[in-house]
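Please consider the structure shown below together with its sequence. The account that follows is meant to be read with both in view.

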Amino acid sequence: MSTPQPRAHVERIPAYVPGRPPTTRPGTTTYKLSSNENPYPPLPGVVEAAHRAVDTMNRYPDMGSTLLYAGLSDRLGVPVEDLAAGTGSVALIYQLLTAYCDPGDEVVHAWRSFEAYPIAITSAGAVSVRVPVDADGRHDLDAMAAAVTDRTRVVMVCTPNNPTGPSVTQSELDAFLARVPSHVLVVVDEAYLEFVRMDDAVDGLATYRGRPNVVLFRTFSKAYGLAGFRVGYAVAPAPVAAALRAVSLPFGVSTVAQVAAVASLDAEQALLERVDALVVERDRVVEGLRQVGWRVPSPQGNFVWFDLGARTAAFAAAAEEAGIVVRPFAGEGCRVSIGEDEANTRLVDVAARFGPDGDVAPL
Ligand SMILES: *Cc1c(COP(=O)(O)O)cnc(C)c1O
């Protein structure tokens with residue numbers, strides 16, 4: 001007797017490496033800077049809304065996410081038909097690939113970029129075409145446009161790019177879109193949109209409005225601090241949004257997630273002030289690192305990238321010793337989230353002691 005075998009591509013799906021939780025060490029606070037989470041506790045109004053939702057846990061959620069769509073439509077000035085909610089924007093990536101890719105179709109994306117891309121692409125039976133980021137961790141949009149073939153169905157543009165940090169500019173995106181045929185979907189993954197502070201920043205809504213093949217992915221997990229509740233959304237031309245909704249898991253976005261997301265939209269002002277504070281911290285960290293000689297790519301999200309190569313594991317260990325858990329990518333570098341002020345200060349200290357060029361000073 002033999003066990004039934006999954007489809008052949010299932011074996012090729014890379015494993016997702018989640019950010020490790022902090023280990024508890026007596027006498028010191030350990031900070032988790034490994035998952036780009038929002039370090040602030042939830043706002044009181046959001047917590048209360050979530051608590052009220054608990055009273056209806058015997059009921060299925062509103063499958064049409066009516067209040068959430070109404071809130072987003074109002075907030076963004078887009079028709080409800082152009083929206084699709086999902087259990088995090090990671091789920092929307094899967095939905096998009098399910099809806100648009102046949103086995104063997106190609107999906108072009110930068111690398112290194114969000115680690116969920118190759119996992120979702122391989123799960124869909126599609127082929128992940130990885131275009132290296134440049135030495136500054138930026139998308140090489142020329143090379144990405146050149147990588148589009150007859151088999152390409154989707155291009156992912158991750159801006160700001162996780163884990164390296166930089167964003168593309170609107171001019172770069174426009175030039176890129178002009179080169180990509182309109183039957184290829186271009187996903188602009190804006191998970192860290194709220195943290196962007198730069199000239200010529202991408203205006204996702206203006207970009208999608210003019211084009212039949214541009215999709216924006218956004219999430220409540222990062223700036224809005226709802227990572228644990230799993231809710232994200234796409235803004236897309238109506239037929240694309242309809243396809244995303246058609247392949248979604250029925251009742252995926254829970255009632256508690258829906259009401260917390262709506263309450264977060266209502267509390268947006270307070271949430272965006274917190275984002276401002278995180279941006280100030282991000283700039284303080286970058287400044288501190290540059291002062292001691294680190295050359296970090298200009299971060300536009302809530303995280304900083306250390307290009308460490310063979311020193312990656314040693315850096316992660318030194319950070320751990322200092323009570324901060326970072327996200328190492330073996331042999332490449334470490335991504336470190338901007339967290340509590342004390343955590344950020346420790347990061348700068350540990351990086352200063354570790355040194356940008358190979359001398360590991362004693363801790
Ligand atoms: C965190 C993240 C997401 C969103 O994750 P969800 O929690 O599933 O909404 C999407 N894209 C990138 C690049 C991310 O870093």
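The paragraphs below take up the sheets, the helices on them, the ligand site and some unusual points of the backbone.

The model is predicted, and every value given here is to be read as computed from that model. A good place to begin is the seven-stranded sheet. Its strands follow the order β2-β8-β7-β6-β5-β3-β4, the sheet is open, and the pairing is mixed. At its edges stand β2 (83–86) and β4, each of which pairs on one side only. Neighbouring strands in this sheet are turned against each other by 25° on average, direction ignored.

Two pairings within this sheet may be followed residue by residue. Strand β6 (residues 185–189) runs parallel to strand β7 (residues 214–219), and four bridges join the two. Within that pair, Val188 stands opposite Leu216 in β7. Helix α4 packs on the sheet, where it touches β3, β4, β5 (152–158) and β6, and its direction makes about 165° with that of β3. Helix α8 (residues 238–246) also packs on the sheet, touching β2, β6, β7 and β8 (232–235); the direction of α8 makes about 25° with that of β2.

The second pairing brings in the edge strand β4. Strand β3 (residues 106–111) and strand β4 (residues 127–132) pair in the parallel sense over six bridges, and Ala110 stands opposite Val131 in β4. Together with helix α4 (residues 116–123), β3 and β4 make a β-α-β unit that is right-handed.

The backbone next to this unit deserves attention. Trp111 and Arg112 are joined by a cis peptide bond with omega of about 5°. Arg112 lies in the loop between β3 and α4, and these two elements both belong to the right-handed unit. A second cis peptide bond leads from Asn162 to Pro163, with omega near 15°. Pro163 is found in the loop between β5 and α6 (170–179).

Asn162 leads on to the ligand. An N or O atom in the side chain of Asn162 is 2.8 Å from an oxygen atom of the ligand, and Asn162 is also the residue from which the cis bond to Pro163 starts. The side chain of Ser221 has an N or O atom 2.6 Å from an oxygen atom of the ligand. For Ser89 the backbone is involved: one of its N or O atoms there lies 2.7 Å from a ligand oxygen atom. The protein covers 95% of the 390 Å² of accessible area that the ligand has on its own. Which residues come nearest to the ligand? Of the 13 residues around the ligand, these are Tyr192, Thr219, Ser221, Lys222 and Arg230. Thr219 falls within the residue range of β7 (214–219).

A further sheet is built from three strands. This open sheet has the order β9-β12-β11, with antiparallel pairing. Because β9 (303–307) and β11 (327–329) stand at the edges and each has a single partner strand, one side of each is left without a neighbour in the sheet. On average, neighbouring strands here are turned by 20° against each other, direction ignored. The antiparallel pairing of β11 with strand β12 (residues 333–337) extends over three bridges, and Phe329 has Gly333 in β12 as its bridge partner. Helix α11 (residues 312–321) lies across β9, β11 and β12 and runs at about 30° to β12.

One more backbone feature remains. Ser65 is not a glycine, yet its phi is positive, at about 40°. The position of Ser65 is in the loop between α1 (44–54) and α2 (66–76).

Note on methods. Residues are numbered from 1 along each chain as its sequence is written. This is a predicted model: local features need pLDDT of at least 70, side-chain atom pairs count only at pLDDT 80 or more; totals for chains, interfaces and linings use all residues. Side-chain values use heavy atoms; hydrogens and water are left out. Two strands pair if DSSP finds at least two bridges between them. Axes are lines fitted to C-alpha atoms, for helices over the stretch in contact, and angles run from 0 to 180 degrees between N-to-C directions. Contact means heavy atoms within 4.5 Å. A residue is near a molecule or strand if one of its heavy atoms lies within 4 Å of it. A polar contact is a pair of N or O atoms within 3.5 Å; within protein, one must be able to donate a hydrogen and the other to accept it, and residues adjacent in sequence count only if both atoms are side-chain atoms. Accessible areas come from the Shrake-Rupley method with a 1.4 Å probe; for residues, only the protein chains shown count as cover. A crossover is right-handed if, with the strands pointing away from the viewer, the path from the first strand over the helix to the second runs clockwise.
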